[in-house]
Amino acid sequence: MTLREPQGEQAALERAIEEAARLIAASRHVVALVGAGLSAESGVPTFRGPEGLWTKHGEPDLRDYERFVENPKRWWEMRQERASRFAELAQALETAVPNAGHFALRELEEMGRLRHIITQNIDNLHQIAGSQAITEIHGNRTKLRCVVCNHRWPLDGFPLDELPPKCPDCTSGIVKGDTVMFGEPIPRDALDECINQSRICDCMLLVGTSAVVYPAAQFPIDVKSSGGVLIEVNPNETPLTELCDVVLRAPAGEALPPVVEKLRAV
Ligand code: APR
Ligand code: ZN
């Protein structure tokens, strides 16, 4: 006997999918704010919630960036040791591939229905799925960045014989992983683009984020206060649920593809 989802929940989800497609079709500039939940179906652990990394390993080291600034050479020399602390995450990130949720966002972009993705994820899965208009507010694990001029390079192939690596571009900055550490300012270029996108956005999808980390969680609040609409895609409630116009209470990989199909028929 297979357990069928109660009619009520399935019917409510189908109504919400209809309404989400209607709101997206009626909007001029749709932006997706993405969190770790979008990559959960790719096997990448989230940070919070029962199986979250911070839940299992304890809160992250909030002095990470401070330690880097104090002694960047030592920070570089400790990179292997740090990676071993989160071996489960590193392993998952190495093997992860985009899931139906990533491809649905790429298709919405191709259809002209999604203008930009602001992602908190560092896993590079949006790029692998083919999305183009992306701002990575917390950086990208496959890149390096100069802390002074924000020039970025692919990690592969960057000379690491001298530690800490000096920026070959501005020659004054030090190069570190592009991933934004706790305590590190969000790179100015990324933050400016997020603010710009949120300013012109009239419909924001909140996909797989617990909406507790700022400044990312501020963007949907700004969109709402300037008259835009919010669509939450998350199997669980978040602090922004009550602000949302539509809630798709399901995993992104299950909820987003039918929204794409509805919009294809518009
Ligand atoms: N589909 C959609 N949402 C999901 C799924 C799924 N399949 N699985 C889990 N979620 C939801 C959870 O309910 C939760 O609300 O994804 C969210 C994940 O929340 P977090 O683990 O807090 O991830 P995120 O919001 O991205 O965290 C923001 O915090 O630690 C920092 O830098 C880190 O970028 C991260 C930031
Ligand atoms: Zn530089």
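## Asn140 and the zinc site

The side chains of Asn140 and Asn124 are joined by a polar contact of 2.8 Å. That is a good place to start looking around this predicted model. Asn140 has a second partner as well: its side chain makes a polar contact of 2.8 Å with the side chain of Glu136.

Where does Asn140 sit along the chain? Its place is the loop between strand 3 (134-136) and strand 4. Asn140 counts as buried, because its relative accessibility is 0% and the cut-off for that class is under 20%. Leaving aside residues up to four places away in sequence, Asn140 touches Ile122, Asn124, Gln127, Asp178 and Thr179.

Now to the metal. Which residues hold the zinc ion (ligand 2) as protein donors? They are Cys146, Cys149, Cys167 and Cys170, each through its SG atom, at 2.2 to 2.3 Å from the ion. The angles among the four donor atoms run from 104 to 119°, and the site is tetrahedral. Since four donors count as tetrahedral if all angles lie between 85 and 135 degrees, that range fits the class. In sequence, the donor residues follow the spacing C-x2-C-x17-C-x2-C. Cys146 and Cys170 link distant parts of the chain, being 24 residues apart. Cys146 belongs to strand 4 (residues 143-146), while Cys170 lies in the loop between strand 5 (152-154) and strand 6 (175-177).

Is Cys146 buried or exposed? Cys146 is buried, because its relative accessible area of 0% falls under 20%. Cys170 is partly exposed, because its 24% lies between the 20% and 50% limits. Here are the three residues whose accessibility has come up so far:

| Residue | Relative accessible area | Class |
|---|---|---|
| Asn140 | 0% | buried |
| Cys146 | 0% | buried |
| Cys170 | 24% | partly exposed |

Let us step back to the whole protein. It has 12 helices and nine strands. The C-alpha trace spans about 60 × 45 × 30 Å along its principal axes. For 266 residues, a compact globule would have a radius of gyration near 18 Å, so the 19 Å of this protein agrees with that expectation.

Of the 266 residues, 47% count as buried. Among contacts with a separation of 6 or more, 66% come from residues 24 or more positions apart. As for the outside, the accessible surface comes to about 13200 Å², and carbon and sulfur atoms account for 54% of it.

Note on methods: Residues are numbered from 1 along each chain as its sequence is written. Chains are lettered from A and ligands numbered from 1 in the order in which they are written. This is a predicted model: local features need pLDDT of at least 70, side-chain atom pairs count only at pLDDT 80 or more; totals for chains, interfaces and linings use all residues. Side-chain values use heavy atoms; hydrogens and water are left out. Donors are N, O and S atoms within 2.8 Å of the metal (3.2 Å for Na, K and Ca); water is not among the atoms, so sites may look incomplete. Four donors count as tetrahedral if all angles lie between 85 and 135 degrees; four count as square planar and six as octahedral if opposite donors are over 155 degrees apart and all others between 65 and 115; anything else is irregular. Helices (H or I, at least four residues) and strands (E, at least two) are DSSP runs, numbered from the N terminus. Buried means under 20% relative accessible area, exposed over 50%, partly exposed in between (1.4 Å probe, protein chains only). The radius of gyration is taken over C-alpha atoms; the globule rule is 2.2 Å times the number of residues to the power 0.38. Contact means heavy atoms within 4.5 Å. Accessible areas come from the Shrake-Rupley method with a 1.4 Å probe; for residues, only the protein chains shown count as cover. A polar contact is a pair of N or O atoms within 3.5 Å; within protein, one must be able to donate a hydrogen and the other to accept it, and residues adjacent in sequence count only if both atoms are side-chain atoms.
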